[in-house]
Amino acid sequence: MSLKNALAAAAVAATAVGGAGAAGAQEQVRIGFAAGLTGYLAFFDGMVRNGAQMAVDEINAQGGIAGQWPIEFIVRDMRSDAAAAAVVARELVAADIHAMITPCDVDPAIAAGQLAQAAEIPMMSPCASTPTLPGQVGPYMFNLKTADNLQATVLSEFAHEQGYETAYVLLSPDTPYTDLLPRYFIQAFEASGGEVLEVGTYGWDQQDFSAEVTAIANMEPQPDVIMTSAYEPHFPAFITQLRNAGVEIPVLGSDGIDSPTTLGLGEVAEGVVFSMAGYPAEGSELEAFYRDYEERFGEYLPFAFSASGYEAIMLFAEAIEQAGSLEGPAIRDALDRIADFPGVTGTEITYEGQNRVALRDVTLVRVEGGQQVFLRQVAPDPAEVPEP
Amino acid sequence: MLSVSGLTVSYGAVLALRGVSLEVGRGELVALLGPNGAGKTSTLGALMGLCRAGGAVCLDGEALLGRAPEKIVRLGMTLVPEGRRVFGGLTVEENLRLGGAVQRDEAARRRQYAEVYALFPVLEERSGQLAGSLSGGEQQQLAIARALMSGPRLLLLDEPSLGLAPKVVDTIFGLIDRLRASGLTILLVEQNVDRSLEIADRGYVLVGGEIVLAGTAGELLQSQDVQRAYLGLAS
Amino acid sequence: MDILIQNLINALALGGTYALLALGLALVFSIMGLINLAHGELMTIGAYALYFMILWAFPFWLALVGALLCAVVAAVLMERVAFRPVRDASMATMLLTSFAVSAILQVAYQNLISPRPLPVAMPSFLGGAVEIGSLQVGMIQLLALGCTAALLLLLVWVFRYTAFGVAMRAAAEDFDTTRLMGIRANALFAGAFALSGLLAGVAALFWVAQRGSVDPLMGFLPVLKAFIAVIVGGLGSLVGAVAGGFLLGAIEIALRALLPSDLLPYRDALSLLLIILVLLVRPQGLMGRRREGVR
């Protein structure tokens, strides 16, 4: 930067500050999003971005947060790469953001989160459901999605109700989500009298499940239910090979398979039950949200990631309004006090007393004829939820 | 029939051929002689389009330089490469079949087989055997037979006696002599000077990438220079 | 006993897919000296073709044929556009070229089709299992086995009895000398790529049928495995590549079926260790020859 440019920039900055000071109402809230706009996260982070943008526009149309703070939403591509996520987070922190949305996967969320944590910037993870994530990153990280232990508990309760007494659990130690969620399920299922007959594991780069399927087919006695938190591309491969080997044992999954891929698998996915954030029942707020989304982005995508992006912005807005300040610590404390906040997914969200892991309802659906069929929306019994 | 002038080949900065010129007339057996590393194999490689070369090469008036080997074979010039290079994993019959790949006409191909088998009876006996299991002499016969399958007008032979026992060398040279007698034009590259000049009409001596001597076989046989060209490099 | 036989079938089915891919890789390598890192993207093209043709309601058999055809055409185009210009270049140049082709195609799939997996629903008559005695064998697995066997037999016939096949074998052994037979180099390259594309296409069909979805990176992993199979089998040996594929499939299934659960996370490390052991005993690979008689 030349001296002349530097001077010009300084002058502009001075005017901006002066202007804000004079009007008092024109200071911008900068919310950053280190998003995987390319690479394997693109589908998920793209929906989060669109949903968040809808919330931003809605708030700005009403004059900003609390009528005085318009939002500037800054999105940068981290190419679905943890190292790039850290670089992007550093850029965002340097741009003086007041709050940040982290990428949809746990590892890049941690990489980006550590930088924002050091700068005391409150963060929201819209998709990562690992309840240990806020603890790993620090007091400025908040989880929004239905936490793994909540999902596991609801799945376990459902399994007992169906009369399933024994289970086979398939997990992969390669990511927290595919490792922890099934382990919470084992804990909850066994604590309430169920028996896990066998735990199978798969590798992240594994696409053939024939050996695992053979092991399941030859189990004596057969388990009543199979539980896994595998998602694409592993879940489609597993369920396809399982059903094509003639194994008809019911399968329980989690919100990772809340995607069009699961619904497009045809007969093999029929009857799979899985947990997710919210169901767009006819006439519900969530359905209306998905319709708005379709109108704006041209695609009807009834998957909770867009709603999560929307909720993340709304929660930040609520916290800033409560705090009445743009200071990081003040926003953080206000977020941590939020209780019974009505989310667009149709559940109330509570952070108070939850160690920054959202307490919220879990929805169960069943795949029937390529559609999600609503089973129930419940708040799990806190006594049954395993500790993170 | 074949006329070569000012042929140059270089490998990087090293000049392997420094302007080689030679002629092969119809029905002639011409020997290209020279010590190891003189550029004999490079000459044949350049003629066949296997390596980049400068100068001019004409086969019956048709310019060859810059053409692909497969095209040159179709124009009627075939090489029996150094070290025989038979396809060891293929049977004798398959090797011959590849040699005749340019023959589109089934009858012509059958005639070719008959001719080749008549010339090399041992190959007919071994037709189903893997070429890699043949003896050195048999492999050399196969390499020549394979080349003949394309029905060439001009046959290039690269060191056919290399690594063969003296008795087998006799057989091979006998065969070459018979091929010449049948009217085939041959350019023979050899290190074995005496045996080559015994059957050749004319000869060239190549040393250090240049033709240093040319003449009829008789002249060369008596030339002190020929002996010196070899001894000079050998000592 | 049933578990053993079933796992044997699993190993043959998985190994068969690796073998088809490895054969395609080995074919191109032995003729062109090119390690085609973009081989996996041919598989992905075949899989996408299947996805779209099913989506556009083509009859299923036509979708299968279309997928194979797409893989073959893509392979030939890949050779013509990307590899022919660098065919006389060094091995490193060709390797980098293939790496670039692979990266470009992956990005193209991500941006032009979709970055996420697309589901492929197989018709119902292909689902389920067949009872053979006391065994339950998956229909798709059975078909994969049958087709792989049939295809390999067909290839043996082609390589043994057709002019094209004999020329391919010869070119794999000694490319320059094959040209001296008057066989056109371009035809050999095109032929090698077409065949490798066909093999990748068939492998893609099995792969998609077994895993239910197509994504931009789906070709990477199986081809990495196939590449290991080629090395184990002996670089440049076609029979070796097939043998290496089956061996790798058997090792993977055996480890996954037999390892106690504490050791399961190490299965990939163990399978590579076994491969290294094979290479220590036979550095040239299972069927590799030390090259002789080549300048």
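When I say two chains are in contact, I mean that they have heavy atoms within 4.5 Å of each other. Keep that in mind, everyone, as we look at this predicted model.

Let's start with who touches whom. There are 2 pairs of chains that touch, and chains A and C share the most contacts. Chains A and B have no contact at all: the closest C-alpha atoms of those two lie 36 Å apart.

Today I'd like to spend my time on chains B and C. How many residues of chain B are in contact with chain C? The count is 23, and they meet 22 residues of chain C. Together, the two chains bury about 2000 Å², with 56% of that on carbon and sulfur atoms. On the chain B side, the residues that lose the most area to chain C are E70(B), R85(B) and F87(B), which together make up 33% of what that side buries.

Let's stay with R85(B) for a moment. Its side chain forms a salt bridge with the side chain of D174(C), at 2.6 Å from N to O. Across this interface there are 3 salt bridges, and 10 residue pairs are in polar contact.

So where on chain B do the touching residues come from? Three elements of chain B each give two or more residues to that side: α2 (69–74), β6 (77–80) and α3 (92–99). Sorted by class, the side of chain B that touches chain C has 13 nonpolar, 4 polar and 6 charged residues.

If you have the structure open, try finding R85(B) and D174(C), the salt-bridge partners we just met. Thanks for listening!

Note on methods
Residues are numbered from 1 along each chain as its sequence is written. Chains are lettered from A and ligands numbered from 1 in the order in which they are written. This is a predicted model: local features need pLDDT of at least 70, side-chain atom pairs count only at pLDDT 80 or more; totals for chains, interfaces and linings use all residues. Side-chain values use heavy atoms; hydrogens and water are left out. Buried area is the accessible area (1.4 Å probe) that two parts lose on being put together, summed over both. A salt bridge is a side-chain nitrogen of Lys or Arg within 4 Å of a carboxyl oxygen of Asp or Glu. A polar contact is a pair of N or O atoms within 3.5 Å; within protein, one must be able to donate a hydrogen and the other to accept it, and residues adjacent in sequence count only if both atoms are side-chain atoms. Helices (H or I, at least four residues) and strands (E, at least two) are DSSP runs, numbered from the N terminus. Ala, Val, Leu, Ile, Met, Phe, Trp, Tyr, Cys and Pro count as nonpolar, Asp, Glu, Lys and Arg as charged, and the others, Gly among them, as polar.
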